[in-house]
Amino acid sequence: MRQPPDPTETPHKPALRAIPPGLHFVSTPIGSARDITLRALDVLAGADVLVAEDTRTLRHLMEIHGVALGGRPLIAYHDHSGEGTVTRLLALIGEGRSVAYASEAGTPLISDPGFELARAVAAAGLPMTAAPGPCAAICALTLSGLPSDRFLFAGFPPAAQGARRKFLADLAQVQATLIFYESPKRLRALLADMAVALGPDRQGVICRELTKRFEEVSRGPLSDLSARYAERDVKGEIVVLVDRAAPVVAGADTVETALETALQTMSVKDAASFVSQTLGVPRKMVYQIALDLGRSETGE
Ligand code: SAM
């Protein structure tokens, strides 16, 4: 994240429009400092008050992009800052000030502070918006090659092994690409547990140091990844993704039970369509089972 300011860069020229009153969440780079958006720079340059999870990091980012702090207040805030800071920020927003909030890196609230503040601003009915931008989870999903139609961001798994195994078991059947953040020192243990709890053949992807010099993406079945990383001493920031579970193929007993329930309120035709859709079993086959159950379209 820390990169020296480049003196050959032209300092940011803020847009002429004033920053409207309210809370402005600002996403910041997850590695490459140049991933900041122009709007994020406008907000940082024009907000009346700046708030940051880490004031030094934000100061440094602004320095890189030639955004002057001037005499504006720069306040530290994270979700454990306590009610005093939230009350102070709500008062500033209530007075009509524009307040910009940036977390240490990436998008606030995504495994980062900001939720308590967003909740308080929403509850107070005050204005709030976001200058969107980098997020490691989304960047990793984009590069993973895994289905992106549905995904579940699971954040950091618990550090204790028992809790981590239960956490993974609860996610095992979720029909979505799973996205986790993990520290390099726990990657080995996580991959070993994943191979057991999610299945050795499930496709996994490890995205390391995204947008940085040593960016690396490794793909393979969880058992292979686990074996590969058991031998490696890994450093840097990491996102782990896992493909969804193969759909469970329902047996005749399951189809019959589902049909019996559905037939209490539906015609044979509708029950067959409903059960076929919910269990992912061909309609023709479900219809035949319904007929075998002694029913007919006329409900005899
Ligand atoms: N708010 C951030 C976001 O929008 O992605 C996440 C903050 S969280 C405290 C930090 C974790 O995000 C890291 O431990 C790592 O799992 C992931 N992460 C952040 N930057 C990353 C990068 N450049 N490459 C891979 N993972 C990254």
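Domain bounds here come from an automatic or database domain assignment. In this predicted model, the assignment divides the chain into domain 1 (22–134), domain 2 (137–242) and domain 3 (252–298). Domain 1 (22–134) and domain 2 (137–242) each contribute at least three residues to the shell around the ligand. The centres of domain 2 and domain 3, taken over C-alpha atoms, are 39 Å apart.

The ligand occupies the space of the largest pocket. Its surroundings comprise 19 residues, of which Thr-107, Ile-110, Ala-136, Tyr-181 and Ile-238 are the closest. By residue class, the shell consists of 11 nonpolar, three polar and five charged residues. Two strands, β7 (177–182) and β10 (238–242), supply at least two shell residues each.

Polar backbone atoms of the protein approach the ligand at several positions, with a pair of N or O atoms within 3.5 Å taken as a polar contact. A nitrogen atom of the ligand lies 2.8 Å from a polar backbone atom of Ile-110, and a nitrogen atom of the ligand is also found 2.9 Å from a polar backbone atom of Leu-210. At Ile-238, the distance from a polar backbone atom to an oxygen atom of the ligand is 2.6 Å. On its own the ligand has 570 Å² of accessible area, and the protein covers 89% of this. Ile-110 and Ile-238 thus appear both among the closest residues of the shell and in the backbone pairs with a ligand nitrogen and a ligand oxygen, respectively.

Key:
Residues numbered from 1 in each chain as written. Predicted model: local features only at pLDDT ≥ 70, side-chain atom pairs only at ≥ 80, totals over all residues. Heavy atoms only, no water. Near = heavy atom within 4 Å. Polar contact = N/O pair within 3.5 Å; in protein donor to acceptor, adjacent residues only side chain to side chain. Areas by Shrake-Rupley, 256 points an atom, 1.4 Å probe, with all protein chains shown as cover. 1 Å grid on protein atoms, 1.4 Å probe; cavity = no way out; pocket = protein on both sides within 12 Å on 5 of 7 lines; lining within 4 Å. Sits in = over half its atoms within 2 Å of the grid points. Helix = DSSP H or I, 4+ residues; strand = E, 2+ residues; numbered from the N terminus. Nonpolar A, V, L, I, M, F, W, Y, C, P; charged D, E, K, R; others polar.
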